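Here are some notes on the model, set out as numbered points that can be read beside the coordinates. Please take them in order, since the later points return to elements introduced earlier.

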Amino acid sequence: MSAADWYAHKSLGEGLSGSRSDSTRAYLTTSTKRGCSAKIRRGRTRCWPSPPTPHFDHSGGLHQFQQVGVHSAEVDALANGDNFETATWLSDREIVEAPSPGWRARHYKVKAVQPTHILQEGDVINLGDRQLTVLHMPGHSRGSICLHDRDNKLLFSGDVVYDGAMIDWLPYSRVSDYISSCERLVGLVDSEQVDQVLPGHYNTFGAKRLHRIATTYISRAGTCPAKFSTFAWGTLAGVALRAFNPRCAC
Ligand SMILES: [Zn+2]
Ligand SMILES: [Zn+2]
């Protein structure tokens, strides 16, 4: 796969486009307004509104951006290059092309990056002709956020919710917080504030699907099989990540 294929985007309409190469999604907005005061901005008219998360599949390239916004709870993880909290875990079979001869997945580390913007619940990111409100939605990680475009009823949901198995067993995941965040997502649907979800993985989906995914998580998370599974995966992940990231400060 060439770099052009890897970074290709397809239009999602209304000045939005999304990456299409693998399961991890990023979104690009195009602002036509001069004087755009976007906090997260690349160049004059291009903005990346994909919600930041500390995990390596989203944070590995942050060091290449001039401006990086992240929730306050995860500033230290990124600033310290903490590969335990960033859940840096790769296998050789996931690598399409090694960056240099002899390179192995175990050599990969997330580069430390100093966030330029520390985000909190209720902050508004002004992209000129699009406003994104920060919603703190912990559970998957402690600083997970969604970005809500209220005017267009769009929700950039990052890793908080996507159309696949929700992960609540990583370092700093917390099931009780995740349930509360899902209850909030249900509230957004019930109050008709979301028409379309643009997630951090897989395909976009609508409000009805969001309601189903969130209510399903809420109903299953408290069951014994789910608790056992979360505990088992969390223990394994913790042991494995510590083994592969012996220099982390955790
Ligand atoms: Zn994640
Ligand atoms: Zn992810």
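1. Strand 10 and strand 11 run parallel and are joined by four bridges. Within this pairing, phenylalanine 156 has leucine 198 of strand 11 as its bridge partner. The model is a predicted one, and the points below should be read with that in mind.

2. On its other pairing, strand 10 meets strand 9 in the antiparallel sense, over three bridges. Here leucine 147 stands opposite phenylalanine 156, and histidine 148 has leucine 155 as its bridge partner in strand 10. The hairpin made by strand 9 and strand 10 has four residues between the strands, and lysine 153 in this hairpin takes a positive phi near 55 degrees.

3. How much of strand 10 is buried? Five of its five residues are, so that the strand can be described as mostly covered. The burial applies to both faces, with Leu154, Phe156 and Gly158 on one side and Leu155 and Ser157 on the other.

4. These pairings belong to an open sheet of six strands, ordered 7-8-9-10-11-12, in which the pairing is mixed. Its edges are strand 7 (124-126) and strand 12 (205-206), each of which pairs on one side only.

5. The largest nonpolar core has 33 residues, and those with the most contacts inside it are Cys146, Leu155, Phe156, Val161, Leu185, Leu210 and Ala214. Two or more residues each are given to this core by helix 3 (75-79), strand 8 (131-136), strand 9 (145-149), strand 10 (154-158), helix 4 (175-190), strand 11 (196-199) and helix 5 (207-221). Helix 4 gives the most, with five residues. A second core, separate from this one, has five residues, among them Phe84, Ala87, Leu170 and Leu241.

6. Valine 161 deserves its own entry. Leaving aside residues up to four places away in sequence, valine 161 touches Met166, Leu185, Val197, Pro199, Leu210, Ile213 and Ala214.

7. For helix 4, the expected and modelled lengths can be compared directly: at 1.5 Å a residue its 16 residues should span 22 Å, and the end C-alpha atoms are 22 Å apart, which agrees. The buried residues of helix 4 are Tyr178, Ser181, Cys182, Leu185, Leu188 and Val189. Because they cover an arc of only 110 degrees around the axis, they lie on the same side of helix 4. The face turned away from that buried side carries the exposed residues Ser176, Gly187 and Asp190. After helix 4 comes glutamate 192, whose phi is positive, near 55 degrees.

8. The same check on helix 5 gives agreement as well, since 15 residues at 1.5 Å each should span 21 Å and its end C-alpha atoms are 21 Å apart. Its buried residues are Leu210, Ile213, Ala214 and Tyr217. Seen down the axis of helix 5, these fall within an arc of 90 degrees, and so they line one face of the helix. The opposite face, turned away from the buried side, carries the exposed residues Lys208, Thr216 and Ser219.

9. What covers the buried residues of each of these helices? For helix 4, the cover includes helix 5; for helix 5, the cover includes helix 4, strand 11 and strand 12.

10. Towards the start of the chain, lysine 10 lies in strand 1 (residues 9-13). Is lysine 10 buried or exposed? Lysine 10 counts as exposed, because it has 8 C-beta neighbours inside 10 Å, where a residue with 12 or fewer is classed in that way. The C-alpha atoms of lysine 10 and tyrosine 27, which are 17 residues apart along the chain, are separated by 9.7 Å.

11. On confidence, the mean pLDDT of the chain is 84, and 84% of its residues reach 70 or more. Among the elements of the chain, helix 4 has the highest mean pLDDT (97) and strand 4 (residues 46-47) the lowest (46). Over residues 34-47 the pLDDT stays under 50, although the model has 34 contacts beyond four places in sequence for this stretch. Where pLDDT is low, the predicted coordinates should not be read in detail.

Conventions. Residues numbered from 1 in each chain as written. Chains lettered and ligands numbered in written order. Predicted model: local features only at pLDDT ≥ 70, side-chain atom pairs only at ≥ 80, totals over all residues. Core = buried A, V, L, I, M, F, W, Y, C linked by C-beta atoms within 7 Å. Buried ≥ 20, exposed ≤ 12 C-beta atoms within 10 Å, placed from the backbone. Contact = placed C-beta atoms within 7 Å. Expected span 1.5 Å × (residues − 1). Arc of directions from axis to C-beta. Pairing = 2+ DSSP bridges. pLDDT = per-residue confidence, 0-100.
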